[in-house]
Amino acid sequence: MSSVDVAKQIHEDADSMLKGLSIEDQERVLKEAHKIVKSLKRIELITSKVKARA
Amino acid sequence: MVRVYLELSVLIALANPLDFFHNQTKEFLHEVKLLGFELVSCAQAVEMDLAIGVAKRPLRVADALKILEAINAYGIRLLLVNSKDLLSLVREYLKETPLKIGDLLHYAGAALLNAEYLSSWNTDDFNPRLEKSINKVNRRKDLKTIKVGTPSIVLRWLLQ
């Protein structure tokens, strides 16, 4: 899939996830998305440290 | 400083050397930086995109990490805005456009970050026709109006 197709797909999924929620609930979803991205960065840090030691 | 906002498709193209738009995107960023303009994107919109992308699988975890790495490597500033303001503005845009919330998070992020230009390779959802509806709301809300185009078109405007 091209960058455009992937972006469109993601935005469609975001739409179905956030549509119909109150602003407060949408804010909570954004907070959880932030935590997910933070976790991904931590995973990358841990795995690269382990690989560097090996 | 003039801010150029980068939508998700530009970030994905930048992170993937095999993407059709990869080289043009790199060139675009290089030129924008030479001109002394600031490259930005909205942290909440991008984080939402990456989280959903990984959860629903158009993106692998490695893809999401490459996008974050590219954002860092190219000096793109991922900036936070007030989430309530962001989501309220998205609601206003929804009344005027048929766009999806995922797209509108970027339009709203660009407006709240005072970007002058929004660049996207997705011309179906980011184009001058939709720009008019977005800017109708931006003017009503006393926000800066934005010019929307592909990176190639935005670069032409910047070089004028």
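Helix packing and core contacts in chain B

Visitor: In this predicted model, which handedness does the crossing of helix 5 of chain B and helix 7 of chain B have?
Guide: Helix 5 of chain B passes helix 7 of chain B, and the crossing is right-handed.

Visitor: Are helix 5 and helix 7 of chain B parallel, antiparallel, perpendicular or oblique to each other?
Guide: The axes of helix 5 (residues 83–96) and helix 7 (residues 128–140) of chain B come within 9 Å and cross at roughly 130°. An angle counts as roughly perpendicular from 65 to 115 degrees and as roughly antiparallel over 145. The two helices of chain B are therefore oblique.

Visitor: How many charged residues are in the contact of helix 5 with helix 7 of chain B?
Guide: From helix 5 of chain B come B:Glu92, B:Tyr93 and B:Glu96, which meet B:Ser133, B:Ile134, B:Lys136 and B:Val137 in helix 7 of chain B. By class, this contact has three nonpolar residues and one polar residue, and its charged residues number three.

Visitor: Which residues touch the most other members of the largest nonpolar core?
Guide: This core has 67 residues. B:Ala108 touches B:Leu86, B:Leu89, B:Val90 and B:Tyr93, leaving aside residues up to four places away in sequence. The residues that touch the most other core members are B:Leu11 and B:Ala108.

Visitor: Is B:Gln160 buried or exposed?
Guide: B:Gln160 lies in the segment after helix 8 (151–159) of chain B. A residue counts as exposed with 12 or fewer other C-beta atoms within 10 Å. B:Gln160 has 5 within that distance, so B:Gln160 is exposed.

Notes:
Residues numbered from 1 in each chain as written. Chains lettered and ligands numbered in written order. Predicted model: local features only at pLDDT ≥ 70, side-chain atom pairs only at ≥ 80, totals over all residues. Axes fitted to C-alpha atoms, helices over the stretch in contact; angles between N-to-C directions. Helix = DSSP H or I, 4+ residues; strand = E, 2+ residues; numbered from the N terminus. Parallel < 35°, antiparallel > 145°, perpendicular 65-115°, else oblique. Left-handed = near helix turned anticlockwise from the far one by under 90°. Contact = placed C-beta atoms within 7 Å. Nonpolar A, V, L, I, M, F, W, Y, C, P; charged D, E, K, R; others polar. Core = buried A, V, L, I, M, F, W, Y, C linked by C-beta atoms within 7 Å. Buried ≥ 20, exposed ≤ 12 C-beta atoms within 10 Å, placed from the backbone.
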